[in-house]
Amino acid sequence: MKWLDFETIPKVILEREPDYPPWAVSLTNTLVNRTGSWRIFRPKYFDKTPPCNDACPAHEKIQGYMELVKQKKFLEGYELIIEDNPFPSITGRVCFHPCEASCNRGEYDESLGIHNVERFLGDYGLKRAKAKKSAAHISKQIAIIGSGPAGLTCAYYLAKSGYKVIVYEHFSLPGGMLRVGIPAYRLPKDILNKEIRKLEVLGVKFKTNFTLGKDIFLDDLKQTNDAVFIATGAHKSRNLGVPEEKTRGVYSGLEFLAQINSGKRPRIGKEILVIGGGNTAVDAARSALRLGILPKILYRRTRHEMPAVAEEVQEAENEGIPIHFLVAPVKVIKSKGRITRLECQKMKLGKPDESGRRRPVPIKGSNFRIKCDSVICAIGEQIDLSVLTDDIATTGWSISADDWGRTNLPNIFAGGDCVTGPKMVVDAIAAGKRTALAIDSYFTSREIKEEPNPEITLFSNLNIGYFELAQKVTMPGLNVKERKRNFREVHLGYNELMVYKEADRCFSCGVCNKCDNCFVFCPDLAVMKSDDKYDFDYDYCKGCGVCAYECPRNAISMEEEEAR
Amino acid sequence: MKFEIPQKEYMYPGHVACPGCGGAYSMRMALKALGERTIIVIPACCWSIIDGPFPLHACKPPVFHTAFETAAIAASGIKAGLDIQGKTDITVMSWAGDGGTLDIGIQALSGAAERNDDFIYVCYDNEAYMNTGIQRSSATPWGAWTTTTPAETPKSEPKKNITEIMIAHRIPYAATTTLAYPDDMIRKFKKAKSIKGTKFIHIFAPCPTGWKMAPDLMVKICRLAVDSNVFPLYECEYGIHYTINHIPKKPIPVEEYLKPQGRFSHLTKAMIEHIQKSVNFEWELLKQRAGVS
Ligand SMILES: Cc1cc2nc3c(=O)[nH]c(=O)nc-3n(C[C@H](O)[C@H](O)[C@H](O)COP(=O)(O)OP(=O)(O)OC[C@H]3O[C@@H](n4cnc5c(N)ncnc54)[C@H](O)[C@@H]3O)c2cc1C
Ligand SMILES: Cc1ncc(C[n+]2csc(CCOP(=O)(O)OP(=O)(O)O)c2C)c(N)n1
Ligand SMILES: [Mg+2]
């Protein structure tokens, strides 16, 4: 066995003590480790479209103005709306708000009161926003026929872009159905007047009491203007189509409303039947009630198929107006030249028709008579095509135009109810806005901006853990008693506190609102935060996806890394 | 809702935790609360790797790497050394895994707590020995898969309740917290820092790798753990005063918490029911202790 001889081991002689500590110390940081190379998926900030913006025919940036309201920036909110809809005080009152039906909050507790917020911002803007002055600097003149929401909207955006605009209107005041159709208890005339006043300040000229086909003609307008926009709506009341309907005591719903809306008190009976299920029928009935008469509504389908704005139907019932469903008139019974009874028939629902609603089918032998002294007929409106020239293509019942209001003639555009048949105010506004873009593009060859990003954030894309239940702020209004015998506005609008509280319920679906979650939850310190935005530090991001998952609103997407 | 957390970072990116590591995230939050004047003591565990290989180092405050069983005693020693030097403004924090706390380190920890040494002891609990390849620890829950408790014979012992063990030491502060509640976590670390004596913080810190779970669920799984009462958030002062910090309005079934995790995928309906029962039982017990009905 060999023993180690310590003496022979050479000694290491140190000149000085080592200056390293007696154990290993790391003196540099991990920044040299570019852990981004581990990544398989890459997060990206990518805003999607909220369902409300998508559902709004005018594509209002709803989520955008809710965020502004949350910051109490009401004027900025107003300015953001009028980029897409110049009349928020109008739509905030009468729109059927498809935005609310698509609101993701609806699947959680209750959809946001979007139109209530819109109305607040509209009224706020009417009071506080600085009016945009005339800016006509383009030597092109556009004639618009019809001053309903389609015509007004198109006029607004064209005038704002600097075009000269003249609006021709058959009635003595502009507004279309907003003035002659929708009653004051839903849309006060002074609100309408103020909205229209915005256009006058912008330099839009109104020529009222001018009827196309009577005082002015399309051929002349084509000569004297660079483009023409036809927005004449649908103003011909459809006839009942039953025997003896031309009897004294049978009125047209539109005419009845037009009289009331011009401040007259039409002479009408005491036992009134209103026929129809659309806005005209419901408004006629509720107007009659305000004259002190309790009418009955007869509708040939069921509540589900009623084309009227659902809330207004509900209000009519709240006010005590009975609605008889699945009943259709078949004959007017008269005595001494005046209606005394309406013969009706019971219906049942059959297969869906071309509108997708189930068709009413008469039940044989179910006829019965209802005592009455007047009938208000409100079964729909039609388009008057007789004022057009022959060279404009039609479908036979409406003007043919594409989504951008372009007809078969290059400088003639058309939009609103006269193209689509009776629809809603916001549809007409959307048509007016799109046509303004198309007219501008016609002169400048500028490309028309496309619609919002098609990727829509649905309820299932949200991280719902971050939201708390919150009740919708109720809209203050008149109770049923207070509505009797007057045309005062029924809904009174939110105040600042209410609008703030309601907007605060908005999920901001699909759009980053700087909630910080991505920054907070990143385990790899790879989210760089600056005052106005976040950025990913791809040098270090490992692609775990926590940021995308914890984003409450689906504003981060994960994409597969490309192999290199 | 916006989480109000300190903006300054006391950690560098480039650390080598797996994607979606709950432990890495927890350290980031802890240091945000404690700040620069901190010394961290790390025994053998994932975090001894995460901090970076020599000569790299991810935490801005110094880290003292120590042996597996010595997290608490090393901290006691460092604190004593600082005291002798008159450096009283430095927080000493032990940062150990569940293995290093509930198993091998419990003796040193119990000793330090008995002496009420002035430091914060953190157990980031990923419910197994992750660093060495997912072996079961006494923090592994009943029924879970690990490499040493395969799906055919999953773990048959319930999870050891370390927080109650520490509370029984009557230390001035013991708390549970988890990732989905960053404000809760920050608040508890700040509170721990302000108290003299032994403070114990138990962090439920998911390990996507060891739990066979998608890494993007790192935070979500914590939310589910709390909302199902699998891991209640509470704190206790001096071993007596309990406060439950989050009482789910309507607890979700434990199944929702178990489902996204591959380590529970073998569970039968009866086993899930058993887990639900024991979770309910523990929750009632905790409520009794906290005097909540
Ligand atoms: C009673 C009633 C209530 C309604 N309630 C609602 C509601 O609550 N919410 C909702 O969204 N929608 C409602 N609507 C529907 C909505 O009013 C219309 O869809 C919308 O007004 C259509 O806009 P427009 O611009 O296309 O046409 P209109 O508003 O009809 O405007 C057309 C204009 O053109 C003028 N005009 C027509 N022919 C000529 C001519 N030959 N020469 C010159 N001018 C002409 C008309 O006088 C009119 O002013 C309601 C409709 C009615 C009738
Ligand atoms: C005395 C001793 N025994 C075993 C080991 C090997 N070892 C290193 S880390 C580790 C597991 C640590 O598990 P845990 O504390 O839960 O931390 P995790 O890795 O899960 O974060 C083991 C067993 C060791 N380093 N020292
Ligand atoms: Mg562990």
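**Exercise 1. Find the polar contacts of ligand 2 in this predicted model: which backbone lies 2.9 Å from one of its oxygen atoms?**

Step 1. Start with the backbone. In B:N131, a backbone N or O atom sits 2.9 Å from an oxygen atom of ligand 2.

Step 2. Now turn to side chains. An N or O atom in the side chain of B:Y124 is 2.7 Å from an oxygen atom of the ligand, and for the side chain of B:D98 the corresponding distance is 3.0 Å.

Step 3. Ask how much of the ligand is covered. Ligand 2 on its own exposes 580 Å², and the protein buries 74% of that.

Step 4. Widen the view to the whole shell. Ligand 2 is surrounded by 17 residues, with B:G99, B:G100, B:Y124, B:A128 and B:M130 the closest. Helix α4 of chain B (residues 98-103) supplies the largest share of this shell, 3 residues.

**Exercise 2. Work out which protein atoms are donors to the magnesium ion, ligand 3.**

Step 1. List the donors. They are OD of B:D98, OD1 of B:N126 and the O atom of B:A128, at 1.9 to 2.0 Å from the ion.

Step 2. Write their spacing in sequence: D-x27-N-x1-A.

Step 3. Check exposure, remembering that buried means under 20% relative accessible area. B:N126 has 7%, so this residue is buried. B:A128 has 3%, so it is buried too.

Step 4. Link back to Exercise 1. The donor B:D98 also has a side-chain N or O atom 3.0 Å from an oxygen of ligand 2, and the donor B:A128 is listed among the closest residues to that ligand.

**Exercise 3. Decide how helix α16 of chain A is oriented: which of its residues are buried, and which are exposed?**

Step 1. Look along residues 496-503. A:V499, A:E502 and A:A503 are buried.

Step 2. View the helix down its axis. The buried residues lie within an arc of 95°, so they line one face of α16(A). As a reminder, an α-helix has 3.6 residues a turn, so residues three or four places apart point the same way.

Step 3. Turn to the other side of α16(A), where A:L497 and A:K501 are exposed.

Step 4. Identify the cover. Chain A helices α2 (62-70), α3 (74-81) and α6 (114-128) are among the elements covering the buried residues.

Step 5. Finish at the N-terminal end. A:N495 caps the helix there, with a side-chain oxygen 3.2 Å from the backbone nitrogen of A:L497.

Technical notes: Residues numbered from 1 in each chain as written. Chains lettered and ligands numbered in written order. Predicted model: local features only at pLDDT ≥ 70, side-chain atom pairs only at ≥ 80, totals over all residues. Heavy atoms only, no water. Buried < 20%, exposed > 50% of the residue type's maximum accessible area, 1.4 Å probe, protein only. Helix = DSSP H or I, 4+ residues; strand = E, 2+ residues; numbered from the N terminus. Arc of directions from axis to C-beta. Contact = heavy atoms within 4.5 Å. Polar contact = N/O pair within 3.5 Å; in protein donor to acceptor, adjacent residues only side chain to side chain. Donors = N, O, S within 2.8 Å, 3.2 Å for Na, K, Ca; no water. Near = heavy atom within 4 Å. Areas by Shrake-Rupley, 256 points an atom, 1.4 Å probe, with all protein chains shown as cover.
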